[in-house]
Amino acid sequence: GGAKVYENYGGGGGGGYTQNGFAAIKKDVVYPIVVGSGGGSEASGSESTAFGSRAAGGQGATTKTGGTGGSGGSYGNNGVGGSNGANGGGAHGIGVGQGTTTREFGESAGQLYAAGGGSGYNSGGNGAGGAGGGGYGGHNDIGSSATVNSGSGGGGGGFSDHAGGKGGSGIVIIRNTRSTSAASLPGNAFDFTYTGSYSVIDDGSGNWRIKFLTSGDFTSNVDLSVDTFLVGGGGGGAKVYENYGGGGGGGYT
């Protein structure tokens, strides 16, 4: 999460990392899935874990810096949060991004995750959150919280005595675009159980994705070979007592 400061600037918390992988899922085996939670003001996000892969949560900020993460948090007047692995915008002390894409499964057309949060300011405007769910900075107000299940950073608080926004929770996604494995499923029915919240995306041609939105236990009734994509929880924006609050960095992939 973002650092608490008593000067002009406060650093935004870093977001969680992202991780791409592959998993061979065996039927009737219980696989625990942990979806990382977003950090509150000044707090780090927690890691996401599933199928042997891990994506770290956002790192806590230092004084006078934007958060590091998947995409960096901004810092300074009108600093815009980073997106797609880039550094945050604004003055010196910006958060550093991971330098690789934060799009789903690392593909150019994939959905963006892990954006950085925008900077708060006391006058002249406030920073926008990065594309992909970053919170915007407060303008004489609290910072905005990042989008749920985006792994993005919260916006920094604005003068005076306003908290930073909360980082967004992470997400775990699996997909199967392999016809041999998809054919083992009975039609378009997905033969599994999950104890948490999830959503299924099915293109009707045997290609599907399951997005795990909260933590739980996953059990498939068929063997599956899947691609995996994890995003850790995003860091919170900084609480400030003076002019600026840095935005939280986006979660690492």
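Buried means a relative accessible area under 20%, exposed means over 50%, and partly exposed lies in between (1.4 Å probe, protein chains only). This is a predicted model, with residues numbered from 1 along each chain as its sequence is written. Local features need pLDDT of at least 70, side-chain atom pairs count only at pLDDT 80 or more, totals for chains, interfaces and linings use all residues, and side-chain values use heavy atoms, with hydrogens and water left out. The topics below are a five-stranded open sheet, the pairing around strand β9, salt bridges and two residues with positive phi.

**The open sheet**

- Strands are DSSP runs (E, at least two residues), numbered from the N terminus.
- Two strands count as paired if DSSP finds at least two bridges between them.
- Five strands form an open sheet in the order β1-β10-β5-β8-β7, and the pairing is antiparallel.
- β1 (18-25) and β7 (198-202) are the edge strands, each pairing on one side only.
- On average, neighbouring strands of this sheet are turned by 20° against each other, direction ignored. Axes here are lines fitted to C-alpha atoms, and angles run from 0 to 180 degrees between N-to-C directions.
- β1 runs antiparallel to β10 (residues 224-231), and eight bridges join them.
- Within this pairing, Ala 24 has Ser 225 of β10 as its bridge partner.
- Strands of a sheet pair through backbone hydrogen bonds, either parallel or antiparallel.

**Around strand β9**

- β9 (residues 216-220) is mostly covered, with four of its five residues buried.
- β2 (residues 30-33) pairs with β9 over four bridges, in the antiparallel sense. Val 30 has Thr 219 of β9 as its bridge partner.
- β6 (residues 192-194) also runs antiparallel to β9, joined by three bridges. Here Tyr 194 is matched with Phe 218 of β9 as bridge partner.

**Salt bridges**

- A salt bridge is a side-chain nitrogen of Lys or Arg within 4 Å of a carboxyl oxygen of Asp or Glu.
- Side chains of opposite charge can pair when their charged atoms come close.
- The whole structure holds five salt bridges.
- Glu 47 and Arg 54 form one of them, at 2.5 Å from N to O. Glu 47 is partly exposed at 30% relative accessible area, while Arg 54 is exposed at 53%.
- Glu 104 forms a salt bridge with Arg 209, with the closest N and O atoms 2.3 Å apart. Glu 104 lies in the loop between β4 (53-55) and β5 (171-176) and Arg 209 in β8 (residues 208-212), so the pair ties together parts that are 105 residues apart in sequence. Glu 104 is buried at 3% relative accessibility, whereas Arg 209 is partly exposed at 24%.
- Glu 107 and Arg 175 meet through their side chains at 2.8 Å, N to O, in a salt bridge. This pair also links distant parts of the chain, with Glu 107 in the loop between β4 and β5, Arg 175 in strand β5, and their positions 68 residues apart. Glu 107 is partly exposed at 35%, and Arg 175 is buried at 11%.
- Glu 104, Arg 209 and Lys 211 are joined into one network by salt bridges that share partners.

**Positive phi in the β4-β5 loop**

- Most residues other than glycine have a negative phi.
- Asn 84, in the loop between β4 and β5, has a positive phi near 55°. Asn 84 is partly exposed, at 31% relative accessible area.
- Ala 114 has a positive phi of about 60° although it is not a glycine. Ala 114 is placed in the loop between β4 and β5 and is buried, at 0% relative accessibility.
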